[in-house]
Amino acid sequence: MSVLSNSALAPDCLRPDSVEALRDMVAEALAREEPLAVEGQGSKAGLGRPVQAARTLSLTGLSGVNFYEPEELVISAKAGTPIAEIQALLAERGQRFDFEPMDYGPLHGRPAGQGTIGGVLACNLSGPRRLKQGAARDHILGVTAVSGRGEIFRSGGRVVKNVTGYDLSKGMAGSFGTLAVFADVIFKTMPRSPAETTLIVRDLADGEAAEAMSAALGSSVEASGAAHLPYGVAGRVLGGALGRDPATAIRLDGFGPSVSARAAHLGTALARVGRLEQLEGERSEAFWRDIRDVAPFADGTDSAVWRVSLPPMAGPDFVMALRMNAAADAFYDWQGGLVWLRMDAGLAEADLIRTLVARHGGGHATLVRAPEGERLSLPVFQPQPGPLAALSRRLKDQFDPAGILNPGRMA
């Protein structure tokens with residue numbers, strides 16, 4: 001019997017329950033020249049260009065933790081395991097993923113907590129700690145995957161060590177399922193901070209906020225987050241508890257006495273530039289979850305949302321220039337190096353945004369939410385320079401020469 005018909009879901013949905021079954025399904029799709037749309041639970045289906053494929057390869061059958069060794073700070077799970085389940089398991093042992101992976105579900109009108117651990121690596125997700133701890137690719141130890149050639153391959157292992165040659169585990173990060181399909185992943189974990197506090201300075205203009213965040217990150221307080229919410233946007237986090245006035249937030253975490261001492265030191269300096277407020281414990285954590293998941297723009301619409309990376313001090317000038325030409329709602333993470341934009345005009349704004357990105361220090365502009373027609377009509381991801389585009393094509397030719405995995409997702 002054909003493996004392509006051996007699905008517990010809809011007739012056009014394949015659901016492997018082992019890496020061998022995954023290999024066989026990809027191999028037969030390759031033999032039939034039948035493209036596959038690869039997904040976990042579909043929480044990021046609205047991220048990237050719409051995939052052009054007749055059948056879906058669902059990884060929901062590849063779920064569960066393979067091993068978890070808290071003392072060694074390592075966990076391995078099947079790619080379709082919900083990230084929420086893994087984070088709950090880590091929390092029970094006082095641990096976490098330090099790269100703070102974003103949940104795109106709410107931004108795309110889906111419930112929170114539906115993303116999978118394989119999707120975290122495939123999209124190279126991160127959150128506010130990105131500026132200090134890196135993204136998913138910086139915490140991956142190993143993968144087992146199936147290439148578009150229908151071949152199983154493994155890379156890395158369960159310990160942190162120096163390697164020579166090309167690290168495929170990191171190389172697959174951010175490939176959006178276009179090179180290979182993950183079956184198992186191994187990540188390093190980190191201890192959860194015993195204490196957390198967030199200092200908030202009110203009423204700063206965007207440029208003043210950028211200077212304050214830069215000074216805080218450049219000091220000895222070891223901040224793990226720096227974000228700025230302009231007027232109005234501040235009222236869309238924590239259920240509106242902050243009010244509408246601008247809020248510039250600096251997060252400190254670690255051992256209790258250390259956090260208290262650093263907060264007192266930083267608070268003295270920040271109080272000189274604006275009205276100071278403080279969030280403790282769970283309220284601080286909830287605030288940064290809202291920043292991580294772009295809660296201010298998770299409004300139930302499909303209005304265009306852009307994720308723009310820039311040199312941190314360039315963000316305010318970029319937003320000002322953009323607003324001189326188009327209506328834009330914006331807030332800043334990563335000390336201002338990450339600008340989230342909500343736009344309404346759609347296609348007409350793509351060239352403008354990318355032109356202004358190039359003019360303000362260079363960076364990347366990615367369309368992370370828009371109606372399907374718009375995502376089909378323009379480059380969702382930042383166009384690559386010639387040499388990098390050529391390297392991407394060579395990688396695609398090596399791992400998926402027939403182009404059966406997530407065709408059209410990235411280009």
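**Cysteines and the open sheet**

Biologist: Is Cys123 buried or exposed?

Modeller: In this predicted model, Cys123 is buried, with a relative accessible area of 12%, and Cys13 is likewise buried, at 11%.

Biologist: How many disulfides does the structure hold, and why?

Modeller: A disulfide is a covalent bond between the sulfur atoms of two cysteines. The cut-off applied here is 2.5 Å between the sulfur atoms, and the structure holds 0 disulfides. The closest cysteine sulfur to that of Cys13 lies in Cys123, 18 Å away, which is too far for a bond; taken from the other side, the sulfur of Cys123 has its closest cysteine sulfur in Cys13, again at 18 Å and too far.

Biologist: Turning to the sheet, what is the order of its strands, and which are the edge strands?

Modeller: The sheet is open and has 5 strands, in the order β4-β5-β9-β7-β8, with antiparallel pairing. Its edge strands, each pairing on one side only, are β4 (65-69) and β8 (152-156). From one strand to the next, the twist averages 15 degrees.

Biologist: Over how many bridges do β5 and β9 pair?

Modeller: Strand β5 (residues 74-78) pairs with strand β9 (residues 180-188) in the antiparallel sense over 5 bridges, and Ile75 stands opposite Phe187 in β9.

Biologist: Which strands does helix α1 touch, and which does helix α2 touch?

Modeller: Helix α1 (residues 19-32) packs on the sheet through β7 (140-147), β8 and β9, its direction making about 45 degrees with that of β7. Helix α2 (residues 83-92) also packs on the sheet, where it touches β4 and β5, and its direction makes about 155 degrees with that of β5.

How values were computed. Residues are numbered from 1 along each chain as its sequence is written. This is a predicted model: local features need pLDDT of at least 70, side-chain atom pairs count only at pLDDT 80 or more; totals for chains, interfaces and linings use all residues. Side-chain values use heavy atoms; hydrogens and water are left out. Buried means under 20% relative accessible area, exposed over 50%, partly exposed in between (1.4 Å probe, protein chains only). Two strands pair if DSSP finds at least two bridges between them. Helices (H or I, at least four residues) and strands (E, at least two) are DSSP runs, numbered from the N terminus. Axes are lines fitted to C-alpha atoms, for helices over the stretch in contact, and angles run from 0 to 180 degrees between N-to-C directions. Contact means heavy atoms within 4.5 Å.
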